[in-house]
Amino acid sequence: MALSRESLTQQFSGEVALPEDSTYAELTFAFGAPSAPAAVLLPKDTAEVAAALALVRQLGLPLAVRSGGHSNAGLSTNVGGLVINLSRMNTVELIDTEQGLVRVGAGATWGQVAETLRPHQLAISSGDTRSVGVGGLTLGGGIGWMVRKYGLALDQLQAVELVTADGRVLRASRAEHSELFWALRGAGGNFGVVTSFEFEAHRVEKVTYATIMYPVDGLAGLLSAWRQAVRASREELSSSFSLLPPFGEGDVPKAMVLACYAGGGTEAEAQLAPLRQLGTPMFEDIKEIDYADVLEEGQPPEGMQIVVKNIFYPALTDEVIAAITATQSQPGMRIFQLRHLGGAYGRVPAEESAFAFRDSEIMMFGAHFFPGDATPADIEAGLQPWREVSALGRGSYINFLSTATAEDVALIYPHETRQRLAQLKRSYDPDNLFRGNYNIIPS
Ligand SMILES: Cc1cc2nc3c(=O)[nH]c(=O)nc-3n(C[C@H](O)[C@H](O)[C@H](O)COP(=O)(O)OP(=O)(O)OC[C@H]3O[C@@H](n4cnc5c(N)ncnc54)[C@H](O)[C@@H]3O)c2cc1C
């Protein structure tokens, strides 16, 4: 449906971008999905978010809500519908330096947050990428570089402001609309448009960040040595282990260990030392830097189809290591990354939020790369290694998935959590206005 600017601006006084506008392409760029909405609405404040939602209800078109646009399943856009793009609401305010209380507009990116906090030596553990949005990452979880010290991004959340489907503006926290606050932390996009987040940031003077590459011969030995090293590590240390395919002619597969120690000096050196001795490193880079400098940039490779899946392992057992090692002989271009959890992440009681699988030692994701013209059958065949390794785990993390099916929802939320969410959905969004997501059906 073609929409005219006049018809939209009669009811929505904020900024609008239409397909003919020069800003449209940048505003609608999305990871992982075709993107051609009929119009983009760019509210600058909470009142304009409410007005945008009233317009969406009136037009009856599909809705997508966009913060940073990094949903691997392309959920921040649609074809022929409306997008509420929150990028104009991106202020980052330090409300209380002593308490580390920070209010963040829902359209800010984690790079903006880290830069604002840098001069105050404060940081919020979020993810690994600057351009990822605060909205999507936080409402789904947020496994970042200090996840073992401070938990998920959503564990550091103190309150949110949101606009519900019927246009109400609510504040949710442990003290106000506490059931909604429980649900927002893990299933956020289902209950409204969150306009701002209040986080508790932590004092982090420096971090020590290590990149260590190993040849993949003897992968099983490398993985068991990594397991031993991370199990013995302090909570200040968060680490990942990635299996990388060759990138281009002449390159070889590699194992990459990344680690971030929240601190510096000899303690950091001592904690990182075991990770440098998993085998004979082919490359090492270890530096003491500001937390903001740990965050990197990420762009999807052009012209490829990418299938992203993930799984939680209660423990990195010998059987899991053997299964991962066995996939080496199977064809296909893919990255497997294991992220070490536990610590503060694991201490949060299961009932505290709608995020499940706290009792996991590892979250592993698989990013599978296929040529642009690969058929569904090619993709199915190429996912065989994933089927083998994922058979040993359970559940799924909402933020590392390139699909958003009912089966995904069933994996993300255990049955009781899903039921509790569905009841709440009936109170806050009975008509399922917010359904362009990992949808909870009202019941
Ligand atoms: C390069 C890259 C690196 C990543 N690294 C990490 C990482 O280190 N750790 C990690 O945990 N995850 C990581 N992720 C996954 C990331 O957390 C998710 O893709 C997340 O959903 C992105 O958030 P966004 O705001 O950028 O996305 P968007 O696509 O804008 O939003 C994602 C979903 O959240 C909903 N949403 C967003 N904002 C709001 C809001 N304010 N109110 C209501 N609903 C909202 C959207 O409607 C959509 O359904 C990474 C992803 C990419 C592409």
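This report describes the ligand shell, the domains and two helix packings of a predicted model.

## Basis of the model

Because the model is predicted, local features are given only where pLDDT is at least 70 and side-chain atom pairs count only at pLDDT 80 or more, while totals for chains, interfaces and linings use all residues. Residues are numbered from 1 along each chain as its sequence is written.

## Domains and the ligand

The domain assignment, whose bounds come from an automatic or database source, divides the protein into domain 1 (7-87), domain 2 (92-204) and domain 3 (207-390). The ligand lies between domain 1 and domain 2, because both of these domains give residues to the shell around it.

There are 36 residues around the ligand (a residue is near a molecule if its C-beta atom, placed from the backbone, lies within 6 Å of it), and those that come nearest are Gly68, Gly127, Gly133, Gly135 and Gly136. Two or more residues of the shell come from each of strand 3 (63-66), helix 5 (134-140) and strand 10 (193-200), where helices (H or I, at least four residues) and strands (E, at least two) are DSSP runs numbered from the N terminus. Helix 5 gives the most to this shell, with five residues. By class, the shell holds 13 nonpolar, 21 polar and two charged residues; here Ala, Val, Leu, Ile, Met, Phe, Trp, Tyr, Cys and Pro count as nonpolar, Asp, Glu, Lys and Arg as charged, and the others, Gly among them, as polar.

## Domain 2 against domain 3

The C-alpha centres of domain 2 and domain 3 lie 25 Å apart. Their contact (C-beta atoms, placed from the backbone, within 7 Å) takes 28 residues from domain 2 and 26 residues from domain 3.

On the domain 2 side, helix 4 (110-117), helix 6 (147-150) and helix 7 (178-187) each supply at least two residues, and helix 7 provides the largest share, five residues. The side of domain 2 that touches domain 3 is made up of 14 nonpolar, six polar and eight charged residues.

## Helix 7 and helix 15

Helix 7 packs on helix 15 (residues 415-428) at an angle of about 110 degrees, with the axes 11 Å apart; axes are lines fitted to C-alpha atoms, for helices over the stretch in contact, and angles run from 0 to 180 degrees between N-to-C directions. The two helices are therefore roughly perpendicular to each other, a term that covers 65 to 115 degrees, whereas angles under 35 count as roughly parallel, over 145 as roughly antiparallel and the rest as oblique.

In this packing, Glu179, Leu180, Ala183 and Ala187 of helix 7 meet Leu421, Leu424 and Tyr428 of helix 15. The contact of helix 7 with helix 15 has six nonpolar, no polar and one charged residues.

## Helix 8 and helix 10

Helix 8 (residues 219-231) and helix 10 (residues 318-326) pack at about 140 degrees, with their axes 9 Å apart, which makes helix 8 oblique to helix 10. Leu219, Ala220, Leu223 and Ser224 of helix 8 make the contact with Ile321, Ala322, Ile324 and Thr325 of helix 10, and the residues of this contact divide into six nonpolar, two polar and no charged.

How values were computed:
Contact = placed C-beta atoms within 7 Å.
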